[in-house]
Amino acid sequence: MRASTVAALLFLLPAVLPEAALAAACSGEACGALTSSADGCSWTNTGTKPVRLAMSSAAAGSPVVMILAPGEMFKAAAAQCAKPSGDSATYQASFAVLRAMPEEKPVVPVPKAKPVAVVAAAAPTVAAVATPAVAPAPVAVAAIVVPRAKPAPPPAYPPLPRLKPAAPVEAVAAVAPEAAALVEPAAVVATDEVPGCGEACGEILFKVVDACVWVQSQNPRPIAFEASVGGKAVKLMLEGANGAKADMRAAVLAKAGAEAGKADAAYHTRLHDPFQSAGPGIAVYRVRLGSAEACVKGREEITTFAARFAK
């Protein structure tokens, strides 16, 4: 073979191989409408219908599907190029049927219909026709059955109490303005002269400690206390409750012992506050009612008592 013939075949070989590889690997009725490029990596739809081209290869992984319009070209990746060897990609070409989109029609507003006025038809006038008077025929009157009356309900049991008659209203004589002006107002009683227990009575609390009744107050003001015990008058002066004195006594008892405070006839102390668990407590002042040997044992021995704030 001549050298010029061999050179011509080698020149035409790159253009022939992709077409042959594409023809061998393509399946479908639209393979003839596709033309491959010289490197086997691009395809052109030379037909007159759109072509659906699906390519799949082991190197590319998932298949690639596209629609080529007439005259449109697609360039694929290197793994999807047509090769003369057996490991080239496979192709499936078919004519795509595109559905025509419906044309959008302009929306024409519909005018609102005007309400139709309803005209009432006039009633036809009927002329009164005189009819001759006809005597009514005798009708047999049937006996009317009257229902029996229901018995009255029995009285309620137990019987309801009888209402008391209203008291007569006495007529009040009108007082003349001159007589009303002569009436003097009632005198106002001072607070210290109020009869009974006294204004500090609510501050007093009786508490039994060591089998003796103690008079207790948590008010910071001093209170004069007086009671009647067994027919005898007992008078006490309660100091105002003081938290500092209560803390000082607690510190002394902590060193000397709790037994040292039992001989006291009156003392300051603190009580637990249920509404404030973290606080030191409520300061109170206590006085024993009577001596240690002859003290009042119970609240029932106190006949009356009075309490007033000391001035």
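Is Cys-197 buried or partly exposed? At 21% relative accessibility, Cys-197 counts as partly exposed, because buried means under 20% relative accessible area, exposed means over 50%, and partly exposed is what lies in between (1.4 Å probe, protein chains only).

Before going on, a word on the ground rules. This is a predicted model, where local features need pLDDT of at least 70 and side-chain atom pairs count only at pLDDT 80 or more, while totals for chains, interfaces and linings use all residues. Residues are numbered from 1 along each chain as its sequence is written, and side-chain values use heavy atoms, with hydrogens and water left out.

**The disulfides**

Let's stay with the cysteines. A disulfide is a covalent bond between the sulfur atoms of two cysteines; here a pair of cysteine sulfur atoms counts if they are within 2.5 Å. The structure holds three of these links, and here they are side by side.

| Disulfide | S to S distance | Angle about the S-S bond and hand |
|---|---|---|
| Cys-26 and Cys-31 | 2.0 Å | -85°, left-handed |
| Cys-197 and Cys-201 | 1.7 Å | 80°, right-handed |
| Cys-212 and Cys-295 | 2.0 Å | -65°, left-handed |

What about the surroundings of each link? Cys-26 and Cys-31 are both buried. Cys-201, the partner of Cys-197, is buried with a relative accessible area of 19%.

The link between Cys-212 and Cys-295 spans a good stretch of sequence: Cys-212 lies in strand β9 and Cys-295 in the loop between β13 and β14, so the pair ties together parts that are 83 residues apart. Cys-212 counts as buried at 5% relative accessibility, and Cys-295 is buried too, at 8%. As for the element names, helices (H or I, at least four residues) and strands (E, at least two) are DSSP runs, numbered from the N terminus.

**The sheet and its helix**

Strand β9 also belongs to an open sheet of four strands, in the order β8-β9-β13-β12, with antiparallel pairing. Two strands pair if DSSP finds at least two bridges between them. Which strands stand at the edges? They are β8 and β12 (266-271), each with a single partner strand, so one side of each is left without a neighbour in the sheet. From one strand to the next, the twist averages 40°.

In the middle of that order, β9 (residues 212-217) and β13 (residues 282-288) pair in the antiparallel sense over four bridges. Gln-216 stands opposite Arg-286 in β13. Helix α3 (residues 243-256) packs on the sheet, touching β12 and β13, and its direction makes about 95° with that of β12. Contact here means heavy atoms within 4.5 Å. Axes are lines fitted to C-alpha atoms, for helices over the stretch in contact, and angles run from 0 to 180 degrees between N-to-C directions.

**A hairpin**

Another piece to look for is the hairpin of β10 and β11, which has two residues between its strands. In the turn, Gly-230 has a positive phi of about 60°. β10 and β11 (residues 232-238) pair in the antiparallel sense over seven bridges. If you want one pairing to trace, try Ile-223, whose bridge partner in β11 is Leu-238.

**Rings and charges**

Now for the aromatics. Rings of Phe, Tyr and Trp (its six-membered ring) pair if their centres lie within 6.5 Å; planes under 30 degrees apart count as stacked, over 60 as edge-to-face and the rest as tilted. A search of the whole structure finds five aromatic pairs. One of them is Phe-206 with Phe-225, an edge-to-face pair at 6.1 Å centre to centre with 65° between the planes. This pair links distant parts of the chain, with Phe-206 in strand β8 (residues 205-209) and Phe-225 in strand β10 (residues 223-229), 19 residues apart.

Phe-206 and Phe-305 also form an edge-to-face pair, at 5.1 Å centre to centre and 85° between the planes. Phe-206 lies in β8 and Phe-305 in strand β14 (residues 302-309), so this pair ties together parts that are 99 residues apart in sequence. Ring pairs thus link Phe-206, Phe-225 and Phe-305 into a cluster. Within the cluster, Phe-225 is buried, with a relative accessible area of 2%, whereas Phe-305 counts as partly exposed at 22%.

Two rings also have a charge over them. The rule is that NZ of Lys or CZ of Arg is within 6 Å of the ring centre and within 35 degrees of the ring normal. The charged end of Lys-49 sits over the ring of Phe-95, 5.4 Å from its centre. Arg-249 lies over the face of Tyr-267, at 4.0 Å from the ring centre.
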